[in-house]
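Before reading on, please take a moment to turn the model in your viewer and to follow the chain from one end to the other. The paragraphs below will make more sense with that picture in mind.

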Amino acid sequence: MARTPAAIRRTELVEAAIKVALDEGLDAATVRRIAVEAGVSLGTVHYCFGSKRALLEAVVESVSQPQLEVDLTDVDPGDYAGLIRAAFHAYWNEAGGNRDRQRLIYELVNHLVRQEDPGPELAQMIFRRAFGTVAGFIESQLQAAQLAFPTEVLSRMIVAVTDGVALAWIADGDDTAALEVLDRYADLFGGIIADAEAAQ
């Protein structure tokens, strides 16, 4: 029987860890339980990752903020509300409207901050990736604008909005309401940027 390549096995183990975490909670996601879920030996898990930290890092990597593919074809570069609205919709299509992903992120953060090293560091990694993704969009699409806030602050504001909307959506599943809130925030953020430019 051909041996499964290590890269494929690592992917399978990450998927098994996510499944256990979603079905049974993160406390149940021990290396032994993950090995059982994946149908492999404990030795295989240790061979693929070396440590529980490495496995957790791979899980965090797999659910961290994706690189947004924002379609700006029909958006005027000076329409800041339109640019931000397009980014919000891209986020929702790729990540925000994925209930399992959002549940896992919130449970991961809550679980990790209560753990000893490397828990808090991994929780911070989730948010660093989110802030970085948003900052990248701001710097590439809004670099000519007179921003009312530093990029880092605006990035955190936008992540706070998307996380809050996604958390409420987990409870009610109302996509229309979620996108309406994101659209209104896009109007607010766009208006703040336009007002800052007008004041110059």
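The text that follows goes from the whole chain to its open spaces, and then to a handful of single residues.

What you see is a predicted model, and every value quoted here was computed from it or along with it. How many helices and how many strands does the chain have? There are 9 helices and 0 strands, so that, because helices are numbered from the N terminus, you can find your way by their labels. Reading along the sequence, you meet the pattern α-α-α-α-α-α-α-α-α. If a box is drawn along the principal axes around the C-alpha atoms, it comes to roughly 65 × 35 × 30 Å.

Some totals describe the chain as a whole. Of its 200 residues, 42% are buried, and the accessible surface adds up to about 10700 Å², with 52% of that area belonging to carbon and sulfur atoms. Among the contacts with a separation of 6 or more, 67% are between residues that stand 24 or more positions apart in the sequence. The side chains include 17 positive and 30 negative ones, and if you take the centre of each of these two sets, the two centres lie 12 Å apart.

We can now turn to the spaces between the atoms. The largest pocket has a volume of about 160 Å³, and 13 residues line it, those closest to its centre being Ala29, Lys52, Leu56, His111 and Gln115. Two helices, H4 (residues 52-63) and H6 (residues 99-112), each bring at least two residues to this lining, and H4 gives the most, with 3 residues.

Besides pockets, the count of cavities of 30 Å³ or more comes to 3. The second largest cavity has a volume of about 70 Å³, and its lining is formed by Ala17, Ala21, Leu26, Ala29, Ile34, Lys52, Leu55, Leu56, Val59 and Leu108. Helices H1 (residues 6-24) and H4 are the elements that give two or more residues to the lining of this cavity. Which helix supplies the largest share of the lining of the second largest cavity? The largest share comes from H4, with 4 residues.

Since H4 has now appeared twice, two of its residues are worth a careful look. Leu55 has its place in helix H4, and it counts as buried because its relative accessible area is 3%, whereas the cut-off for being buried is under 20%. Leaving aside neighbours within four places in sequence, Leu55 is in contact with Leu13, Val14, Ile34, Val45 and Phe49. Val31 stands 24 residues from Leu55 in sequence, and the C-alpha atoms of these two residues are 8.8 Å apart in space.

Arg53 also has its place in helix H4. Is Arg53 buried or partly exposed? With a relative accessible area of 29%, Arg53 is partly exposed. When residues up to four places away in sequence are not counted, Arg53 touches Asp117, Pro118 and Glu121. Between Arg53 and Tyr106 there are 18 Å from C-alpha to C-alpha, the two being 53 residues apart in sequence.

Further along the chain, Leu68 lies in the loop between H4 and helix H5 (residues 80-96). Its relative accessible area of 21% makes Leu68 partly exposed, and, apart from residues up to four places away in sequence, Leu68 touches Ala87, Ala90, Tyr91, Glu94 and Thr133. From Leu68 to Gln200 the separation is 132 residues in sequence and 31 Å in space, taken from C-alpha to C-alpha.

Tyr91, which is one of the residues that Leu68 touches, leads us to a residue in helix H8 (residues 151-172), namely Thr162. Not counting residues up to four places away in sequence, Thr162 touches Phe88, Tyr91 and Leu182. Thr162 counts as buried because its relative accessibility is 6%.

Finally, we can return to the beginning of the chain, where Pro5 lies in the segment before H1. Pro5 is partly exposed, with a relative accessible area of 45%. Although Pro5 and Cys48 are 43 residues apart in sequence, their C-alpha atoms are 10.0 Å apart in space.

Methods: Residues are numbered from 1 along each chain as its sequence is written. This is a predicted model: local features need pLDDT of at least 70, side-chain atom pairs count only at pLDDT 80 or more; totals for chains, interfaces and linings use all residues. Side-chain values use heavy atoms; hydrogens and water are left out. Buried means under 20% relative accessible area, exposed over 50%, partly exposed in between (1.4 Å probe, protein chains only). Contact means heavy atoms within 4.5 Å. Accessible areas come from the Shrake-Rupley method with a 1.4 Å probe; for residues, only the protein chains shown count as cover. Lys and Arg count as positive and Asp and Glu as negative; His and the chain ends are not counted. The place of a charge is taken as NZ of Lys, CZ of Arg, CG of Asp or CD of Glu. On a 1 Å grid over the protein atoms alone, a cavity is a set of points where a 1.4 Å probe fits but cannot get out, and a pocket is an open set with protein on both sides within 12 Å along at least five of seven lines; lining residues have an atom within 4 Å of a point. Grid points are joined across faces, edges and corners, and a volume is the space filled by probe spheres set on the points.
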